Amino acid sequence: MAAQIKTSSSPSLADKKKPTKPRLISSKIAYKGKVFSVVTDTVEEPGGRINTRDVIRHNGSVVMLAVDESKNPRDPEIVFERQYRHAAGLTLIELPAGRVEPHEAPLAAAKRELIEETGYRARRWTLLTKYFASPGFLGEWMQIYLARDIREGAATPEPDENIEVFRLTLSEALALVAANKIHDGKTLIGLMLYDAARRSGRV
């Protein structure tokens, strides 16, 4: 008689018990600025331990992956920006991005920011993903939109924005990623998702 082999399946994500949420005891604003606020929360952890957590609250941001497929659909051009980032101390290559104003719809913010920073407008918009930038201490979420059928126009950047707008093909951008020359997180995520979506035929 052949031996019977018992197999066990690991529980699915849906079957796993979610961690218990800490109880918020108090919250106070430690700093309030133009772009974000810092709040100090006192929370009771599930085991009863009392912790103090400093959290940056932000209204959210949008990222625009604007592509021109008219010249070469197999290797479309993508709109990029080059700008100096004081916090990083570096000049970075990035996808255009900006914050969502209070009570503003994210897609409306994406259209507004693309025009303001680059002058480009797009006829077709698709949400690629929504994610948290650094959820350990930062409440900011980011939404990446694919903008297609683009046309050029005049940019109207903020007075403190010194931005160089330029275009690269998808293959050129991926080569920069492979060479470790693109260090901006939202740009890396957007490029990888867009490339994967193209390879699978989803866009």
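This report walks through a few residues, the nonpolar cores and the salt bridges of the structure above, which is a predicted model.

**Around H58 and F36**

Let's start with H58, which sits in strand β3, a strand covering residues 50-58. Its relative accessibility is 16%, so H58 counts as buried, the cut-off being under 20%. The side chain of H58 comes to 2.9 Å from the backbone nitrogen of G60. Beyond residues up to four places away in sequence, H58 touches V35, F36, R99, G139 and E140.

F36 belongs to strand β2, which spans residues 36-44. With a relative accessible area of 34%, F36 is partly exposed. Setting aside neighbours within four places in sequence, F36 is in contact with Y31, I56, R57 and H58. On the surface, F36 joins Y31 and V35 in a nonpolar patch, and together they have about 260 Å² of accessible area. If you would like a sense of distance, F36 and T129 lie 22 Å apart in space, C-alpha to C-alpha, and 93 residues apart in sequence.

**The nonpolar cores**

In soluble globular proteins, nonpolar side chains tend to be buried together. Here the largest nonpolar core holds 20 residues, and L65, I78, F80, L191 and Y194 have the most contacts inside it. Two or more residues of this core come from each of β4 (61-68), β5 (77-85), β9 (141-151), β10 (164-169), α2 (170-178) and α3 (185-199). Another core lies apart from this one; it has 15 residues, including M64, A66, A122 and W141.

L191 makes a good place to look inside the largest core. Not counting residues up to four places away in sequence, L191 touches L65, I78, F80, L170, A173, V177 and I182.

**Salt bridges**

The count of salt bridges comes to 17. Three of them are set out here, with the N to O distance for each.

| Salt bridge | Distance, N to O |
|---|---|
| E94 and K186 | 2.6 Å |
| R99 and E101 | 3.8 Å |
| E113 and R112 | 3.0 Å |

The bridge between E94 and K186 links distant parts of the chain: E94 is in strand β6 (residues 90-94) and K186 in helix α3, 92 residues apart. Both E94 and K186 are buried. For the pair R99 and E101, R99 is partly exposed at 28% relative accessible area, and E101 is partly exposed at 31%. R99 is also one of the residues that H58 touches. As for E113, its relative accessible area is 7%, so E113 is buried. Salt bridges with shared partners also join D68, K71, E77 and R167 into one network.

Notes:
Residues numbered from 1 in each chain as written. Predicted model: local features only at pLDDT ≥ 70, side-chain atom pairs only at ≥ 80, totals over all residues. Heavy atoms only, no water. Helix = DSSP H or I, 4+ residues; strand = E, 2+ residues; numbered from the N terminus. Buried < 20%, exposed > 50% of the residue type's maximum accessible area, 1.4 Å probe, protein only. Polar contact = N/O pair within 3.5 Å; in protein donor to acceptor, adjacent residues only side chain to side chain. Contact = heavy atoms within 4.5 Å. Patch = residues over 30% accessible without salt bridge, like charges linked within 9 Å, V, L, I, M, F, W, Y side chains within 5 Å. Areas by Shrake-Rupley, 256 points an atom, 1.4 Å probe, with all protein chains shown as cover. Salt bridge = Lys/Arg side-chain N within 4 Å of Asp/Glu carboxyl O. Core = buried A, V, L, I, M, F, W, Y, C linked by side-chain atoms within 4.5 Å.
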